[in-house]
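Me: I would like to learn how to read a protein model. Can we go through some features one at a time?

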Amino acid sequence: MKLKEIKCKKVIDFLCDNIEIDFDKECCEKIKNHVHECEMCKKYFDTLKITAKCYQNYNVDLSKESHQKLINKLGLEE
Amino acid sequence: MTEEELIKLSQSGDRKALSELVKKYEKTVYNFAFKICRDKERAEHTMQETFLSMVKSIGQFEGKSKLSTWLYTVITNHCLMAARTGKKHEWNSLDDEIDIFEEKNISSWNVDPEKVFEDNELKEQLDKAISKLPTDYRIVFLLRDVEGLSTAETGEIANLSVPAVKSRLHRARIFLREELNKVLQYEA
């Protein structure tokens, strides 16, 4: 079943462009109220933010060996 | 010593200053390269190529943009070139209309983003999802949402207009959320 309310489509579109938005400071009342009241849009917005957060927190360590190989390749000294 | 001073010293042939610049940015460069190619060996190779480029061209660096912006640009170009010559179908664009408004596609997720570093299964899912994203979209998503650069800086690095950055970012966010939703959703 598709969501019937056109408002959700517009709100989700807006949220996809503005995941870092602070609702209290930068958002119009209509969007803010809709997200507070609509469980679907709230879940969608939460998962959009989680997506970015997961990739932000996924980092890899540079090993000492890789660092040393780089320094050697560049002909530099420690 | 400031970065500007280190660059000036490097330009006059000071190898120690050059070494300091490398140390300052090696983790950033390695991580960004890894985030694009999702492979440690290729990330290491990209890091080496990026710094070789920096060492070779530091004399011409005029400081019109930040050194980090310049490094991101070198990595981006290197990875785009690799994608173009790769065997994968990297250049398929995303479907015009991903149907994001199906109710079944909207649910809560059973995941804690703060624990990514210790969750190998989640890392695998993140790798798989982003690997399906065409490289040019992936780069825009990583620069904006992961590295935290502005839309204008992202456009400068990826050689895209601001509207093109916004459009790619919009679709990349939807695509990745959609891919992860398939494996992370749960019904409360």
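Me: Is R38(B) buried, partly exposed or exposed, and why?

Reply: This is a predicted model. To place a residue on that scale, count the C-beta atoms around its own: 20 or more within 10 Å make it buried, 12 or fewer exposed. R38(B) has 17 C-beta neighbours inside 10 Å, so it counts as partly exposed.

Me: Where in chain B is R38(B) placed?

Reply: R38(B) sits in the loop between helix 2 and helix 3 (40-57) of chain B.

Me: What should I look for in the backbone angle phi?

Reply: Look at the sign. Most residues other than glycine have a negative phi. R38(B) is not a glycine, yet its phi is positive, at about 55°.

Me: What is the phi of N159(B)?

Reply: N159(B) also is not a glycine, and it has a positive phi of about 60°. Its place is the loop between helix 7 (151-158) and helix 8 of chain B. N159(B) is exposed, because 12 other C-beta atoms lie within 10 Å and the limit for exposed is 12 or fewer.

Me: Where is the kink in helix 2 of chain B centred?

Reply: A kink is a bend in the helix axis, given as an angle. Helix 2 (residues 15-37) of chain B has a kink of about 45°, centred on Y25(B). After helix 2 of chain B comes R38(B), with its positive phi near 55°.

Me: How many helices and strands does chain A have?

Reply: Chain A has five helices and zero strands. Along the sequence this gives the pattern α-α-α-α-α. Chain A has 78 residues, of which 21% count as buried.

Me: How many residues does each chain give to the contact between chain A and chain B?

Reply: To describe an interface, list the residues on each side, then ask which elements they belong to. Chain A gives 33 residues and chain B gives 41 residues. On the side of chain A, helix 1 (6-17), helix 4 (39-57) and helix 5 (64-74) each supply at least two residues. Helix 4 of chain A has the largest share there, with 13 residues. By class, the side of chain A that touches chain B has 19 nonpolar, seven polar and seven charged residues.

Me: At what angle do helix 4 of chain A and helix 8 of chain B pack?

Reply: For a pair of helices, read the angle between the axes and the distance between them. Here the angle is about 95° and the axes of helix 4 of chain A and helix 8 (residues 162-184) of chain B are 9 Å apart. Angles of 65 to 115 degrees count as roughly perpendicular, so helix 4 of chain A is roughly perpendicular to helix 8 of chain B.

Me: Which residues meet where helix 4 of chain A touches helix 8 of chain B?

Reply: T47(A), L48(A) and T51(A) meet R173(B), L176(B), R177(B), L180(B) and N181(B). The residues of this contact of helix 4 of chain A with helix 8 of chain B are three nonpolar, three polar and two charged.

Me: What domains does the assignment give for chain B?

Reply: The domain assignment gives domain 1 (3-85) and domain 2 (103-186) of chain B. Their centres, taken over C-alpha atoms, are separated by 24 Å. Twelve residues of domain 1 and 15 residues of domain 2 of chain B take part in their contact. On the side of domain 1 of chain B, helix 4 of chain B gives the largest share, seven residues.

Key: Residues are numbered from 1 along each chain as its sequence is written. Chains are lettered from A and ligands numbered from 1 in the order in which they are written. This is a predicted model: local features need pLDDT of at least 70, side-chain atom pairs count only at pLDDT 80 or more; totals for chains, interfaces and linings use all residues. Helices (H or I, at least four residues) and strands (E, at least two) are DSSP runs, numbered from the N terminus. The bend at a residue is the angle between axes fitted to the seven residues ending there and the seven starting there. Two residues are in contact if their C-beta atoms, placed from the backbone, lie within 7 Å. Ala, Val, Leu, Ile, Met, Phe, Trp, Tyr, Cys and Pro count as nonpolar, Asp, Glu, Lys and Arg as charged, and the others, Gly among them, as polar. Axes are lines fitted to C-alpha atoms, for helices over the stretch in contact, and angles run from 0 to 180 degrees between N-to-C directions. Angles under 35 degrees count as roughly parallel, over 145 as roughly antiparallel, 65 to 115 as roughly perpendicular and the rest as oblique. Domain bounds come from an automatic or database domain assignment.
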